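Please look over the sequence and the model shown here. A short report on its strands, core and charged pairs comes with them.

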Amino acid sequence: VTVKGNIMFNGPRAGVNFNDHFGGSNVLSRNLIFNTCRESGDHGPFNSWDRLPFLHDLSDPPSTTPLRNAIEGNFLLANYYALAAVDTDDGSQYYDVQGNLVVYGVTGQKAFFNGQDLRHTGNLIAYTLYGSS
């Protein structure tokens, strides 16, 4: 799945959610996402979780190890007291989060809760309460 070049705003929960990413290779690129999580403040413009492994045939041989996901070049505003603009939560794995402008939120980006191989590099994080966790 590729989500590229969009403007997303005024949503009750995350603007984009990748859950149990079925093999990986998902891309979120060059989007403007703001005014999300207006009903909960639970996460922010982007949220993910990976709770179950899936056998996929995107690689040869088929594997339960997903391909890497990319979150790159986005402008993400975690207003409405959102927790984090990029919330790789609950076992999220194999994400490259790079070159994003992340503004507001309690933390700019969150990368924990049993996840692995999460790479957050080259992101500009501004006006957060605590910084990244």
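The text below goes through the sheets, the nonpolar core, one buried asparagine and a salt-bridge network.

This is a predicted model: local features need pLDDT of at least 70, side-chain atom pairs count only at pLDDT 80 or more, and totals for chains, interfaces and linings use all residues. Residues are numbered from 1 along each chain as its sequence is written, and side-chain values use heavy atoms, with hydrogens and water left out.

## Strand pairing

Strands are DSSP runs of E with at least two residues, numbered from the N terminus. Two strands count as paired if DSSP finds at least two bridges between them.

Start with strand S7 (residues 69-72). Strand S4 (residues 27-29) pairs with S7 in the parallel sense, over three bridges. Here Leu28 has Ile71 of S7 as its bridge partner. S7 also runs parallel to strand S10 (residues 93-98), and four bridges join the two. Ile71 is bridged to Val97 in S10. S10 in turn is joined to strand S13 (residues 116-121) by five bridges, again parallel. In that pairing, Gln93 has Gln116 of S13 as its bridge partner.

How buried is S10? Five of its six residues are buried (under 20% relative accessible area, 1.4 Å probe, protein chains only), so S10 is largely enclosed by the rest of the structure.

An open sheet is built from five strands in the order S2-S5-S8-S11-S14, with parallel pairing. Strand S2 (7-9) and strand S14 (124-126) stand at its edges. Each has a single partner strand, so one side of each is left without a neighbour in the sheet. Neighbouring strands of this sheet are turned by 10° against each other on average, direction ignored. The axes behind that angle are lines fitted to C-alpha atoms, and angles run from 0 to 180 degrees between N-to-C directions. Inside the sheet, strand S8 (residues 75-77) and strand S11 (residues 101-103) are parallel and share three bridges. Phe75 is bridged to Leu101 in S11.

## The nonpolar core

A nonpolar core is a set of buried Ala, Val, Leu, Ile, Met, Phe, Trp, Tyr and Cys residues joined through side-chain atoms within 4.5 Å. The largest one has 16 residues; Val16, Leu28, Phe46 and Ile71 touch the most other members. Strand S3 (16-19), strand S9 (84-88) and S10 are the elements that give two or more residues to this core. Leu28 and Ile71 are also the bridge partners met above.

What does Val16 touch, leaving aside its neighbours within four places in sequence? Its contacts (heavy atoms within 4.5 Å) are Met8, Leu28, Ile33, Pro45, Phe46 and Asn47.

## Asn69

Asn69 sits in strand S7. At 1% relative accessibility, Asn69 is buried. A polar atom of its side chain lies 2.9 Å from the backbone nitrogen of Asn26. Not counting residues up to four places away in sequence, Asn69 touches His21, Gly24, Ser25, Asn26, Gln93, Tyr94, Tyr95 and Asp96.

## Salt bridges

The structure holds four salt bridges. Each is a side-chain nitrogen of Lys or Arg within 4 Å of a carboxyl oxygen of Asp or Glu. The table gives three of these pairs.

| Acidic residue | Basic residue | Closest N to O |
|---|---|---|
| Asp96 | Arg68 | 2.9 Å |
| Asp96 | Arg119 | 3.8 Å |
| Asp117 | Arg119 | 3.5 Å |

Take the pair Asp96 and Arg68. Asp96 lies in strand S10, and Arg68 in the loop between strand S6 (46-49) and S7, so the pair ties together parts that are 28 residues apart in sequence. Asp96 also pairs with Arg119. That pair links S10 to strand S13, with the two residues 23 apart.

Are these residues buried or exposed? Asp96 is buried, at 18% relative accessibility. The others are partly exposed, a class that lies between buried and exposed (over 50%). Arg68 has a relative accessible area of 25%. Arg119 stands at 42%, and Asp117 at 34%. Through shared partners, salt bridges join Arg68, Asp96, Asp117 and Arg119 into one network.

Key: A polar contact is a pair of N or O atoms within 3.5 Å; within protein, one must be able to donate a hydrogen and the other to accept it, and residues adjacent in sequence count only if both atoms are side-chain atoms.
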